[in-house]
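Visitor: I would like a close look at a single part of this structure, followed outward into its surroundings. Could you take me through it slowly, in connected prose?

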Amino acid sequence: MIAFLRNTWRGLTSMRTALILLFLLALAAMPGALLPQRDLNAGAVEDYIAANGWWGRLLDRLGFFDVYASVWFSAIYLLLFVSLIGCLVPRTFEYAKALRGKPVLTPRNLARLPHHREGRTDAGVTEVMAGARRRLRGWRLTEREEDDGARSISAERGYLRETGNLVFHFAMLGLIGALALGKMYQYEGQVIVLADGSEFCNSGTYAYDSFQPGLRVDGTDLTQFCVRVNDFTANFLPSGAADYFRADIEYQTGEDLETGTWRPYALEVNDPLRIAGDRVYLLGNGYAPTFTVTFPNGEQRTQTIQWRPVDLQTYLSEGATKFDPPGITDPAERREKQIAVTGLFAPTAVLQGNVLASAFPEARDPAVAVDVMRGDLGTNSGRGQSIFEIDQRMVDQGRLERVARENLRPGEEIRLDDGTVVHFDGVERFAYLQVSHDPTQVWVLGFAVALVLGLVTSLTIKRRRVWVRATPITDDDGTGRTVVVLGGLARTDQAGYGEEFGRIADDLLEPEPEDAERVPAGRET
Amino acid sequence: MPVDETLSTYSDWCYGSAVGVYVLAMLFSLVDQAFGRHGTRQAERTERTRELVGAGAPVEPPEPPERPEPATSGRAERARRFGRMAVALTVLGVGLHVAALVLRGFATGRVPWSNMYEYGATLCLAAVITWLVILRRFAIQHLSVWVLLPVIVLMFLGGVVLYTEAAPVQPALQSYWLVIHVVSIALGSGMVLVPGVVSVLYLIKVRKPEWAGRLPAADVLDQVAYRTTVFAFPIYTAGVIFGAIWAESAWGRFWGWDPKEVVAFVAWIVYAAYLHSRATAGWRGGRAAAINILGAAVMVFNLFFINLVVAGLHSYANG
Ligand code: HEM
């Protein structure tokens, strides 16, 4: 059992396993790019499943539409995490040992190393050794006495490579950890705010149109702040392409909430408002037509509700503005009399026949093409409703009926058979805001930077060794001379050590370079 | 800011000429590849090193000497002259290529890499310059044909299928990150196309030596691929991180598994695997080369398939 566990552990932490896990992770990530994903586009997922029958349902069951939250993706990711730790722990110990250790003994036969030069000099052994030590300043050295009065130096350099490598891998661990923590404590919410001085306060999830909490966020203690959107500016190129968006907002947070102080900010794309650990983004914009309904009893109701742009080139928008009849207490009767104004809005209207289209995204000549519906909107049915649409089921069941269809410009109105008047007042802009909160994203950035620095260090620095041996000999003519032998070895597969070795050898053997056997040296530029 | 039509036309003209000059360079280099004497000499040199190194020690392949050794026959010498002309033409092509981008930048009053056409041109420029830098260190100019071929194909597709009129950019792109992120990504992805091609040659050399008489020694190819990848990988990594920083301020989150992000991640993983494979027994050599090719393929897939077929947040894809 122990043996089994040990073997499993060894297997898991081997380089080969890590490689295979890396490939599995890459493979597992791919479907997320090729299939629609629920958290990006839930509608597209539903369409895909509907279009592909059992195959779509099977993919759904297997998590292919939520790849990055699926069991299999997390499993690979976790295994890789464990494997990484298993690789790193022993390597860290070895690294610590190597830092204290001495360069290895000089091999007996330096001629067998990949880099090798040899020469003779009149200088004595001590002199040669001193010269070599001077030349090898910055290298980690040990000098040893050998037999026959010979002495040798072993030198090693490039320990930083291993440092960089460990930094890289630990940064990756840290990054993964920070991401996981972020998933717990982050939240993101979207809200539409009219650009007429309307306010939004981050006081709870109910204030949002949609909200995506992290696993540990229940929405009870969100950062307190408020935002007021006073104005919205948009510029478009003559082609209709967007050129510039800005929401002029005011915000308050912290003490300002008590004192009622508002601070101005120009919210632009690429330039979020950062307050109290939250960020507020300008994600989109659009139009909100205002309708006033005068009911037969003379009471009036006015509503300005955002309609959804269906074409970003022209801002042709669709939506539904819904009204409850005032002063009617009987629920059954009220359900006969509810009103919805639904259809299309065009900021720059062009009529093709009787069909409304838009020629430009700016509100130069706004118009709506609407159906007025009367009856039961289904708002009390308990089912959630889109604010952009009426409930089609109510229409199909005959409980909601179309009572008028008309194109209106601002100031125009429709009079219904029962005397109700629907008046198109004009149009307001809205800003689509997102609030994001992620307490660990700064850590993620820090680890990412460390990761790159570690990577660059470990890929550019070579771990390399050089040995110098000086042996005293007596020449044929009886004078004492010294044979100097150099050997070099790069411990990593980065080439290019030849050049540096050549320079060292040149410097040490300069007096008699013609003796030396030349290793094909690098081309120096 | 209005677009300067004249400059934009000159830019298009330079682009076309650059492609033309690259085609010419490729043909010249083809002559060199076909008739120059390469494979044998390189092979000999490797043999020599082997002896020198002795058994057991890791081989550090030699780098080629400064000047090619004197060719043995007149025909080979003529072919080599074609090879040198091919390099000169490539340099000329790079000049035109740079001019095309600079002119477009002036025409639009912004950086010239804001749609698929421009981005493709920038990426190809990075690839060709990478190749020229490699040629300064390794005498393998007769392989130019294999690098120029994919570049020409990409540039042709870019100029014909993806061509976009010069135009200003939309709000999401009005940020200095457009310079930082895109330059590093284009540089990183352009550079790795070269080792991708070289790794294909490596595989041919190792698996089908009978086809590869004129290719340099396998470990020269391996070195070129490895050194270039090792240079490009951190740049690419930084580019992805810059992208994440930009996404944090443009899209509201630094990472959201948008299709482009997914494939950028996959490519990153593949290259990480490449680096690791070279340190793993049984994977270095052929398998490592295959991984490198896979990495380059994922990059190209990200550029074309993801941009053109899968909709994502990257707005340059549809502009
Ligand atoms: C291989 C991968 C990638 C490539 C080739 C790439 C390329 C580009 C290019 C060319 C642009 C400029 C768009 C334009 O000028 O129209 C751009 C913009 C951008 N990229 Fe990337 N990118 C990659 C990966 C990423 C990643 C991983 C992220 C985020 C995590 C990211 C975030 C951004 C952002 C936020 C923009 C801004 C603009 C927009 O809304 O279109 N990119 N990218």
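**A hairpin in chain A and its surroundings**

Guide: In this predicted model, strands β22(A) and β23(A) make a hairpin with five residues between them, and within the turn Gly478(A) has a positive phi of about 95 degrees. The two arms, β22(A) and strand β23 (residues 480-490) of chain A, run antiparallel and are joined by eleven bridges. One of the pairs can be named directly: Val466(A) in β22(A) has Gly488(A) in β23(A) as its bridge partner.

Strand β22 (residues 464-474) of chain A is also joined to strand β3 (residues 151-157) of chain A, through seven bridges and again in the antiparallel sense. In that pairing Arg157(A) has Arg464(A) of β22(A) as its bridge partner. Thus β22(A) has bridges to β3(A) as well as to β23(A).

From the hairpin we can turn to another part of chain A, the open sheet of four strands whose order is β5-β7-β8-β9, with antiparallel pairing. Its edge strands are β5(A) and β9(A), the latter covering residues 263-268, and each of these pairs on one side only. From one strand to the next the twist averages 30 degrees. Within this sheet β5(A) and β7(A) pair in the antiparallel sense over four bridges, and one bridge partnership there sets Glu199(A) against Arg228(A) in β7(A).

The β5(A) and β7(A) pair also carries a covalent link. A disulfide joins Cys201(A) to Cys226(A), with an S to S distance of 1.9 Å, and a search of the whole structure finds one disulfide over all chains. Because Cys201(A) lies in strand β5 (residues 198-201) and Cys226(A) in strand β7 (residues 225-236) of chain A, the pair ties together parts that are 25 residues apart in sequence. The link of Cys201(A) and Cys226(A) is right-handed, with 110 degrees about the S-S bond. As for the exposure of the two cysteines, Cys201(A) is partly exposed, at a relative accessible area of 26%, whereas Cys226(A) is buried, at 9%.

Other cysteines can be set beside this pair. Cys87(A) is buried, with a relative accessible area of 19%, a value that falls under the 20% cut-off used for that word. In chain B, Cys14(B) counts as buried at 8% relative accessibility. The closest cysteine sulfur to that of Cys14(B) belongs to Cys124(B) and is 16 Å away, which is too far for a bond, given that a disulfide requires sulfur atoms within 2.5 Å.

Chain A has a further open sheet, made of five strands in the order β13-β14-β15-β18-β19, and its pairing too is antiparallel. The edge strands are β13 (308-311) and β19 (400-408) of chain A, each of which pairs on one side only. Neighbouring strands of this sheet are turned against each other by 20 degrees on average, direction ignored. At one of its edges, β13(A) and strand β14 (residues 316-323) of chain A pair in the antiparallel sense over three bridges, and Asp311(A) stands opposite Leu316(A) in β14(A).

How far the details of chain A should be trusted is a matter of the confidence scores. Chain A averages a pLDDT of 88, and 96% of the residues score at least 70. Over residues 512-525 of chain A, however, pLDDT stays under 50, and for this stretch the model has 30 contacts beyond four places in sequence.

Chain B is built otherwise, having nine helices and zero strands, so that no strand pairing like that of the hairpin arises there. Of the 319 residues of chain B, 62% count as buried, and residues 24 or more positions apart account for 81% of the contacts in this chain with a separation of 6 or more. An unreviewed UniProt entry lists several stretches of chain B under "transmembrane region", including residues 119-138 and 176-204. Over residues 119-138 of chain B the chain is 95% helix and 0% strand, with the end C-alpha atoms 29 Å apart. Over residues 176-204 of chain B, the chain is 97% helix and 0% strand, and the end C-alpha atoms are 43 Å apart.

Notes: Residues numbered from 1 in each chain as written. Chains lettered and ligands numbered in written order. Predicted model: local features only at pLDDT ≥ 70, side-chain atom pairs only at ≥ 80, totals over all residues. Heavy atoms only, no water. Buried < 20%, exposed > 50% of the residue type's maximum accessible area, 1.4 Å probe, protein only. Pairing = 2+ DSSP bridges. UniProt positions renumbered as here; feature names shortened; annotations may be inferred. Axes fitted to C-alpha atoms, helices over the stretch in contact; angles between N-to-C directions. pLDDT = per-residue confidence, 0-100. Contact = heavy atoms within 4.5 Å.
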